[in-house]
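Visitor: Could you take me through one part of this fold up close, then show me how the rest is arranged around it? Informal is fine, but keep the numbers in.

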Amino acid sequence: KYTDEFDLVNAITHDYDLLRVVWDLKNGGAEAVSINGNRIINTTAIKCAGPVTMVNDQYVAPLFVITAI
């Protein structure tokens, strides 16, 4: 059912949204990726922690700055 109301669930950035961006960058040939200054390596955990996300056991919140080389 279509509604004009703001959909809060789709407005929240989840861990899988960040993971998808990281995977796409890696699959596209990125050699190094970071999220808000936290370097992403093969053993990095990205997981939801309430209203924020944890990357390398550090809390990160929007606005996310994703850097890739």
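Visitor: Leaving aside its neighbours within four places in sequence, which residues is Q58 in contact with?

Guide: Keep in mind that this is a predicted model. With neighbours up to four places away in sequence left out, Q58 is in contact with N38 and T53. Q58 itself is in strand β5, which covers residues 58-60. Its relative accessibility is 45%, so it counts as partly exposed. If you want a distance to check, try Q58 to A45: the C-alpha atoms are 10.0 Å apart, for a separation of 13 residues in sequence.

Now for the sheet around Q58. Strand β5 belongs to an open sheet of 3 strands with antiparallel pairing, in the order β3-β4-β5. The edge strands are β3 and β5, each of which pairs on one side only. Direction ignored, neighbouring strands here are turned by 35° against each other on average. Strands β3 and β4 pair in the antiparallel sense over 4 bridges. I46 has V55, in β4, as its bridge partner. Helix α2 packs on this sheet and touches β3 and β4, and its direction makes about 160° with that of β3.

Step back along the chain from Q58 and you get some backbone worth plotting. D57 is in the loop between β4 and β5, and its phi is positive, about 60°, although D57 is not a glycine. D57 is exposed, with a relative accessible area of 59%. N56 also lies in the loop between β4 and β5. N56 has a positive phi as well, about 55°, and again this is not a glycine. With a relative accessible area of 31%, N56 is partly exposed.

N56 leads straight to T44, because the side chains of T44 and N56 are joined by a polar contact of 3.2 Å, and a polar contact is a pair of N or O atoms within 3.5 Å. T44 lies in the loop between β2 and β3. At 15% relative accessibility, T44 counts as buried. A polar atom of the T44 side chain also lies 2.8 Å from the backbone nitrogen of I41. Beyond residues up to four places away in sequence, T44 touches R39, V55 and N56.

On to the other end of β5. The loop between β5 and β6 holds L63, and the peptide bond from P62 to L63 is cis, with omega near 5°.

N38, one of the Q58 contacts, takes us to another sheet. I35 stands opposite N38, which is in β2. 3 bridges join β1 to β2, and these strands run antiparallel. They are part of an open sheet of 3 strands in the order β2-β1-β6, with antiparallel pairing. At its edges stand β2 and β6, each with a single partner strand, so one side of each has no neighbour in the sheet. The twist from one strand to the next averages 25°. Helix α2 packs on this sheet too, touching β1, β2 and β6, and its direction makes about 160° with that of β1.

That leaves α2 itself. The helix has 13 residues, 15-27, and at 1.5 Å a residue it should span 18 Å; its end C-alpha atoms are 18 Å apart, which agrees. Its buried residues are D15, L18 and V22. They cover an arc of only 70° around the axis, which means they are on the same side of α2. What covers these buried residues includes β1 (33-35), β2 (38-40), β3 (46-49), β4 (52-55) and β6 (66-68). On the other side of α2, the exposed residues are Y16, R20, W23, D24 and N27. Just after the helix, G29 takes a positive phi of about 105°.

To retrace the route in your viewer, start from Q58 with its contacts N38 and T53, then go through the side-chain contact between T44 and N56. Finish at α2, where D15, L18 and V22 are buried.

Methods. Residues are numbered from 1 along each chain as its sequence is written. This is a predicted model: local features need pLDDT of at least 70, side-chain atom pairs count only at pLDDT 80 or more; totals for chains, interfaces and linings use all residues. Side-chain values use heavy atoms; hydrogens and water are left out. Helices (H or I, at least four residues) and strands (E, at least two) are DSSP runs, numbered from the N terminus. The expected span of a helix is 1.5 Å times one less than its number of residues. Buried means under 20% relative accessible area, exposed over 50%, partly exposed in between (1.4 Å probe, protein chains only). The arc is that of the directions from the helix axis to the C-beta atoms. Contact means heavy atoms within 4.5 Å. A polar contact is a pair of N or O atoms within 3.5 Å; within protein, one must be able to donate a hydrogen and the other to accept it, and residues adjacent in sequence count only if both atoms are side-chain atoms. Two strands pair if DSSP finds at least two bridges between them. Axes are lines fitted to C-alpha atoms, for helices over the stretch in contact, and angles run from 0 to 180 degrees between N-to-C directions.
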